[in-house]
Amino acid sequence: MAEHTSSSITIEAAPAEVMGVIADFDRYPEWTGEVKEAEVLDKDDRGRAAQVRLLLDAGAIKDDHTLAYTWTGENEVSWSLVKSQMLRALDGSYRLAALSGGARTEVTYQLTVDVKIPMLGMIKRKAEKVIIDRALAGLKKRVESGPADHTAGPADGAGAADEAKKL
């Protein structure tokens, strides 16, 4: 069985707000460094993404792939690889745990990557770690920068701060 890599981060927001950003695949290119394109191909009976096509550029790993998503309750989503040009496996999950009475969230990201081309296990684990660390940092910045709708200003939240100064 393939080894996995995992890491956690605490975000200053409620789990529902964090999951709202995780579930908004169309906006992934705005806050994830590796995802260049995201397209929801199919939704489940609750309107959540069931299959998503992602164009990924993570340095050593570049790929156009489709993932199948499984939603467990309100605080967990996992995915597995449906098809890929370069990958044999891309399985992962986000698990959210409420902290401080629900005002903060601990997010644990677990990932397993297996590529079709020969690659040392150490290099694969490094790539997984880079993907996880960047995704968690990007998620934290995105959630903590304010409301999910960032169309009015820059993704770093500066637009909202400038608007507040005008009031």
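**Entry 1: Overall make-up**

I counted 4 helices and 7 strands in the protein chain. The model I am reading is a predicted one. Following the sequence from its start, I noted the order β-α-α-β-β-β-β-β-β-α-α. The chain has 167 residues, and 40% of them are buried. I then looked up contacts between residues at least 6 apart in sequence, and found that 47% of these join residues at least 24 apart. For the surface, I recorded an exposed area of about 8,900 Å², of which carbon and sulfur atoms supply 53%.

**Entry 2: The nonpolar core**

Which residues have the most contacts inside the largest nonpolar core? I found Val18, Ile22, Tyr69, Tyr94, Tyr109 and Leu139 in that role, within a core of 38 residues. Helix 3, which spans residues 121-144, gives the most to this core, with 6 residues. As background, I noted that nonpolar side chains in soluble globular proteins tend to be buried together.

I next looked up the neighbours of Leu139. Leaving aside residues up to four places away in sequence, Leu139 touches Ile11, Val18, Val21, Ile22, Trp31, Tyr94 and Val107.

**Entry 3: Helix 1**

Helix 1 covers residues 15-22, and I listed its buried residues as Pro15, Val18, Met19, Val21 and Ile22. Why do they lie on the same side of helix 1? They do so because they cover an arc of only 155° around the axis. A general rule is useful here: an α-helix has 3.6 residues a turn, so residues three or four places apart point the same way. Val18, Val21 and Ile22 are among the residues that Leu139 touches.

**Entry 4: Strands 5, 6 and 7**

I turned to strand 5 (residues 76-84) and strand 6 (residues 87-99), which run antiparallel and are joined by 4 bridges. Within this pair, Glu76 has Arg95 of strand 6 as its bridge partner. A hairpin of 2 residues connects strand 5 to strand 6.

How many bridges pair strand 6 with strand 7? I found 12 bridges, with strand 7 running over residues 104-115 and the pairing again in the antiparallel sense. Ala97 stands opposite Glu106 of strand 7. These two strands also form a hairpin, with 4 residues between them.

**Entry 5: Asp91 in strand 6**

Asp91 lies in strand 6. Is Asp91 buried or exposed? I recorded a relative accessible area of 31%, so Asp91 counts as partly exposed. Its C-alpha atom is separated by 4.4 Å from that of Ser80, although the two residues are 11 apart along the chain. Not counting residues up to four places away in sequence, Asp91 touches Trp79, Ser80, Leu81, Gln110, Leu111 and Thr112.

**Entry 6: Ser100 in the turn**

Ser100 lies in the loop between strand 6 and strand 7. Its phi is positive, about 50°, although Ser100 is not a glycine. I set this beside a general rule: most residues other than glycine have a negative phi. Ser100 counts as partly exposed, because its relative accessibility is 49%, and the upper limit for that class is 50%.

**Entry 7: Thr32 in a loop**

Thr32 lies in the loop between helix 2 (28-31) and strand 2 (35-43). Its relative accessibility is 10%, so Thr32 counts as buried; the cut-off is under 20%. What does the side chain of Thr32 reach at 2.8 Å? I found the backbone oxygen of Tyr28 at that distance. The side chain of Thr32 also reaches the backbone nitrogen of Val35, at 3.4 Å.

**Entry 8: Gly146 after helix 3**

My last look-up was Gly146, in the loop between helix 3 and helix 4 (158-166). Gly146 counts as partly exposed because its relative accessibility is 22%. I also compared its position with that of Glu17. The two residues are 129 apart in sequence, and their C-alpha atoms are 10.0 Å apart in space.

Conventions:
Residues are numbered from 1 along each chain as its sequence is written. This is a predicted model: local features need pLDDT of at least 70, side-chain atom pairs count only at pLDDT 80 or more; totals for chains, interfaces and linings use all residues. Side-chain values use heavy atoms; hydrogens and water are left out. A nonpolar core is a set of buried Ala, Val, Leu, Ile, Met, Phe, Trp, Tyr and Cys residues joined through side-chain atoms within 4.5 Å. Buried means under 20% relative accessible area, exposed over 50%, partly exposed in between (1.4 Å probe, protein chains only). Contact means heavy atoms within 4.5 Å. The arc is that of the directions from the helix axis to the C-beta atoms. Two strands pair if DSSP finds at least two bridges between them. Accessible areas come from the Shrake-Rupley method with a 1.4 Å probe; for residues, only the protein chains shown count as cover. A polar contact is a pair of N or O atoms within 3.5 Å; within protein, one must be able to donate a hydrogen and the other to accept it, and residues adjacent in sequence count only if both atoms are side-chain atoms.
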